[in-house]
Structures are given as C-alpha cells and as structure tokens.
Amino acid sequence: MKTALFIMLNEYADWEGAYLASQLNQAENWQVKTASINSTVTSIGGLTTVVDYQLRHAPTADLLILIGGNSWNVENSMLLNLVTNHLAATKPSGAICGAVDYLAHNGLLTGYQHTGNAQSLWQSYPQYQNPDDFHQQQVVTNQNLVTANGTAALAFTNSVLKLIKFTTDQQVDQTTDLYRLGFYQYCQIYGNPFTN
C-alpha cells in the first residue's frame, strides 16, 4: 500500500486537493493521510479537519502533497526538514498555490522548472535563485515535482496522477475530463461513465 501524505496548514484551500485525494483514496494500492503542525486545522471554507498525524509523527510517504492556503509563510523546522528530505530523495511531490510560495521562500525550487501564483511575490526571497525557470502556466511538472497555481486544482490532479503513473495518461485525462468538461459534454465524447 502506497501512502500519499497531504500537508494542510490552518486556512488551507480545501478545493485544491479534493479531486486528487478522492482519486488516490479510491484506488486499492493507495491511501491518503493528512499531516500538519497542529492536530486540527480549519480550511478557508470553514471545514475543520482532524489530521492523521502531527508532523513529528508523520510517516515516510510515497507521494508528498502540499496543499495551498493562507498560512504558508510559516517558520517550522519539522515542516522544512520533511519537505526538503522528500524532495532530496527524488520522491514524487506536488505543491499548489501558497505551498509553492513556501518552496520559493526556502530555496526548494532551485533546479526545478516551475510555476506558481505570481513570481512577483517572490522578489524579496533571497533563497529564490532561479527566476528564469518560472513558467506562466497553470501547472508545471519537472523531475519529481509538480507545481501549480491556486486556480489549477484539476490540472494539478491530472499532472500528479501522471507523475506517479496512477494509470495510463489517456485514462488520467479521461478521469479529469469528467470534471473539466462536465457530465453532458463528457458523455458526448466518452459515453456515460455510470452505464459502461
């Protein structure tokens, strides 16, 4: 059983990981676990989540997902060590929205092609050393890292699933197209997913 560990801080963006978590958690060979600095976090939408692990007890993950939100300007050595070590081990990772800002602030985008909400937000970050590797795209996959801006929840899901070879790329596209296109347009292209 592979573990996807979702890091969610207080005021996390609840919509950014929902599509990805639901796909992973329905698979027989994946489980989704949550971790944070505190034992309970509340989303931007007001959803209170009791996480599975506080960071000091977080397990080694096969996939690390950093969910964006309003609290990623945090200084926490356990969080920094967890993210740094996971990336250094070249394990699959994904960061979206404010979590990409965190990577930039801590110099963890060095060596990666990447995107994010707005590169202009990072001009005061002395550890952000590779501005030429920024791309104005919804999502960028490079090596073991997927980065995305806060409006790219579906594209982020699509790219992370492809990164981990969840199924074939064609099947991943078809899965996310159901939500990207909507049910009726999806049915015109692929047929009714609930009657096949």
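Modeller: Before we start, a bit of vocabulary: Ala, Val, Leu, Ile, Met, Phe, Trp, Tyr, Cys and Pro count as nonpolar, Asp, Glu, Lys and Arg as charged, and the others, Gly among them, as polar. Also keep in mind that this is a predicted model.

Colleague: Okay! How do I read pockets, and how much space lies in the largest pocket?

Modeller: Rolling a probe the size of a water molecule over the atoms shows where empty space is left. Here, the largest pocket holds about 280 Å³. It has 14 lining residues, and Gln23, Gln171, Gln174, Thr175 and Leu178 are the closest to its centre. Helix H1 (18-25) and helix H5 (169-181) each give two or more residues to that lining, with H5 giving the most, six. By type, the lining splits into seven nonpolar, seven polar and no charged residues.

Colleague: And which residues lie nearest the centre of the second largest pocket?

Modeller: Phe6, Met8, Gly17, Ala18 and Ala21, out of 13 lining residues. H1 and S2 are the elements that give two or more residues there. The volume is about 230 Å³. Now use our vocabulary: this lining has nine nonpolar, two polar and two charged residues.

Colleague: Now the sheet. What is the order of the strands?

Modeller: Read across it: S5-S2-S1-S6-S7-S9-S8, seven strands in an open sheet with mixed pairing. Strands S5 (53-54) and S8 (139-142) each have a single partner strand, so one side of each is left without a neighbour in the sheet. S5 pairs with S2 (residues 30-36) in the parallel sense, over two bridges.

Colleague: Which strands does helix H2 lie across?

Modeller: H2 (residues 77-88) lies across S1, S6, S7 and S9, at about 130 degrees to S6. Helix H4 (residues 153-163) packs on the sheet too, touching S6, S7, S8 and S9.

Conventions
Residues numbered from 1 in each chain as written. Predicted model: local features only at pLDDT ≥ 70, side-chain atom pairs only at ≥ 80, totals over all residues. Heavy atoms only, no water. Pairing = 2+ DSSP bridges. Helix = DSSP H or I, 4+ residues; strand = E, 2+ residues; numbered from the N terminus. Contact = heavy atoms within 4.5 Å. Axes fitted to C-alpha atoms, helices over the stretch in contact; angles between N-to-C directions. 1 Å grid on protein atoms, 1.4 Å probe; cavity = no way out; pocket = protein on both sides within 12 Å on 5 of 7 lines; lining within 4 Å. Points joined across faces, edges and corners; volume = space filled by probe spheres on them.
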